[in-house]
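Here is a quick tour of how this chain holds itself together, told through its side chains. Have the structure open and follow along.

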Amino acid sequence: MDFHVSPGGRIAGTCRVPGDKSISHRAVMLAALADGESRFEGFLAGADTLATAAAFRAMGVAIDGPRDGVLTVRGVGLHGLKPPPGPLDMGNAGTGMRLLAGLMAGQRFGVTLVGDESLSRRPMRRVIGPLRQMGADISAAEGDTPPLALSPVESLHGIDYALPMASAQVKSCLLLAGLYAAGRTCVTEPAPTRDHTERMLSAFGRAVSRDGARVCVEGGAAPLKAASFAIPGDISSAAFPLVAALIADGGEALIENVGINPTRTGILDILRAMGADIALLNPREAGAEPVADLRVRASALRGIAVPPELVPLAIDEFPAIAVAAACATGETLITGAEELRVKESDRIAAIANGLAALGIAVGVLPDGLRIQGGQFRGGVVESHGDHRIAMAFSLAALRADGPVQIRDCVNVGTSFPGYVDLMRGLGLGIRAS
């Protein structure tokens, strides 16, 4: 499937984006291991999160839905999972695979985790190493890529692990493995990353302690307790209508019910530093997460050097940020973003190639990009099957002098089902074929 986007257009209206993907993954996992029934409103019915739900169904967990965004999970307890009849297929879900590797390391049965062609190229070395330090029996294909095969072990033991680079997925993998480990499992971060796992563990009744950059969980403690809450809209998905409203001629949009967890709001800080008019309205709490409505108005943006401390807080939003930077006056410098190399695609290369294909001057760094603001031309962009690359470059047409085509967009459904309809409703001239 390709996207075809007409040049120009005005963005206006009110919308709601799908539920947060990171929270949806974690909600299924912890609810499956809890005692009792959990119910979640706003669950993301995307391919990635549905793969996680299917994995737990295969291990004997009764899951109803999602129906109209509501998912009900009848947990089987920490030690109630059953051996699946075959490999667990995680599709394109890197978060699902890495977090599930932590949970599966402590089970009393073996399991193999597989994925699609894209996920099968993604490195798993960063979770394999520390899991082995905890006593896990885990193996992978050549290059430490999936499939991942986990065999049962007598027991895991807690470790005190310093992350070599900021990664919420690795942190979460180890904390979840720590539920099955003897003693305390601690992870120290070099920079803050999203803390949904810590918040959700607390919501399910498991104490999590934090001392500065070090977060710890005790193994062998009390069982998890069922929990029910509303899942907020995903700020990573909100990034696309947000940037569209910023760069469109006379754009203004209200994006309702967006999660504004402080470990996820780097995109707001970065865009505001570039001159964006973004207001947070009606701030409130939804479960363990802060939520607000985002009012966004078209703004004259200027290039900046992105503060390194904000990079981990906006790591998934850089494709959209790059499009905004191409519409800014002057140069935007992004460094310290080497994590982008190991996402669904090499996003540094994919962003650079997409910008260049549409006439924007861009320099590639080992850990980032130099983007010179300019005029988008019409053209063809390769998404490399990366959903965020595809959505980001669909926005470029708002400021382009001709039509923009983005190839290989089918994976947009992994995180943002209904993207084309939502953006068309706001005024983007997009169609899929």
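## Salt bridges and cores

K21 and D48 form a salt bridge, with 3.0 Å between the closest N and O atoms. This is a predicted model, so keep that in mind for everything below. The two partners come from distant parts of the chain: K21 belongs to helix α1 (residues 21-33) and D48 to helix α2 (residues 47-58), 27 residues apart. Both K21 and D48 are buried.

How many salt bridges does the structure hold? There are 25. Three of them are set side by side here.

| Pair | N to O distance | Separation in sequence |
|---|---|---|
| K21 and D48 | 3.0 Å | 27 residues |
| R126 and E339 | 2.7 Å | 213 residues |
| D386 and R347 | 2.8 Å | 39 residues |

Take R126 and E339, whose side chains meet at 2.7 Å, N to O. R126 sits in helix α4 (residues 125-133), while E339 is in the loop between β20 (331-334) and α10 (347-357), so this salt bridge ties together parts that are 213 residues apart in sequence. E339 has a relative accessible area of 12%, which is under the 20% limit for buried.

Then there's D386 with R347, a salt bridge at 2.8 Å, N to O. D386 lies in the loop between β23 (379-382) and α11 (387-395), and R347 lies in helix α10. D386 has a relative accessible area of 0% and is buried; R347 also counts as buried, at 0%. Salt bridges can form networks here too: K171, E189, E198 and R210 are linked in one.

On to the nonpolar side. In soluble globular proteins, nonpolar side chains tend to be buried together. The largest nonpolar core has 84 residues, and the members touching the most others are F3, L242, L271, F376, L395 and Y419. Helix α7 (residues 235-247) is the top contributor to this core, giving ten residues. What does L271 touch, leaving aside its neighbours within four places in sequence? Its contacts are L242, V243, L246, A276, I278 and A324. A separate second core holds 66 residues, among them I159, Y161, Y180 and F204.

Helix α12 (residues 419-426) is worth a closer look. Its buried residues are Y419, V420, L422, M423 and L426. Viewed down the axis of α12, these fall within an arc of 165°, so they line one face of the helix. D421 and G425, on the other side of α12, are exposed. What do the buried residues of α12 pack against? Their partners are β1 (3-5), β2 (12-16), α7, α11 and β25 (430-432). Just after the helix, G427 takes a positive phi of about 120°.

Y419 also leads us to the aromatic rings. The structure has five aromatic pairs. In one of them, the rings of F3 and Y419 have centres 6.0 Å apart and planes at 25°, so they are stacked. F3 is in strand β1 and Y419 in helix α12, so this pair ties together parts that are 416 residues apart in sequence. F3 counts as buried at 1% relative accessibility, and Y419 does as well, at 1%.

Are the rings of F416 and Y419 stacked or edge-to-face? Their planes stand at 75° and their centres are 5.1 Å apart, so the pair is edge-to-face. F416 is buried too, at 1% relative accessibility. Along with F240, the residues F3, F416 and Y419 make up one aromatic cluster.

Key. Residues are numbered from 1 along each chain as its sequence is written. This is a predicted model: local features need pLDDT of at least 70, side-chain atom pairs count only at pLDDT 80 or more; totals for chains, interfaces and linings use all residues. Side-chain values use heavy atoms; hydrogens and water are left out. A nonpolar core is a set of buried Ala, Val, Leu, Ile, Met, Phe, Trp, Tyr and Cys residues joined through side-chain atoms within 4.5 Å. Buried means under 20% relative accessible area, exposed over 50%, partly exposed in between (1.4 Å probe, protein chains only). Helices (H or I, at least four residues) and strands (E, at least two) are DSSP runs, numbered from the N terminus. Contact means heavy atoms within 4.5 Å. A salt bridge is a side-chain nitrogen of Lys or Arg within 4 Å of a carboxyl oxygen of Asp or Glu. The arc is that of the directions from the helix axis to the C-beta atoms. Rings of Phe, Tyr and Trp (its six-membered ring) pair if their centres lie within 6.5 Å; planes under 30 degrees apart count as stacked, over 60 as edge-to-face and the rest as tilted.
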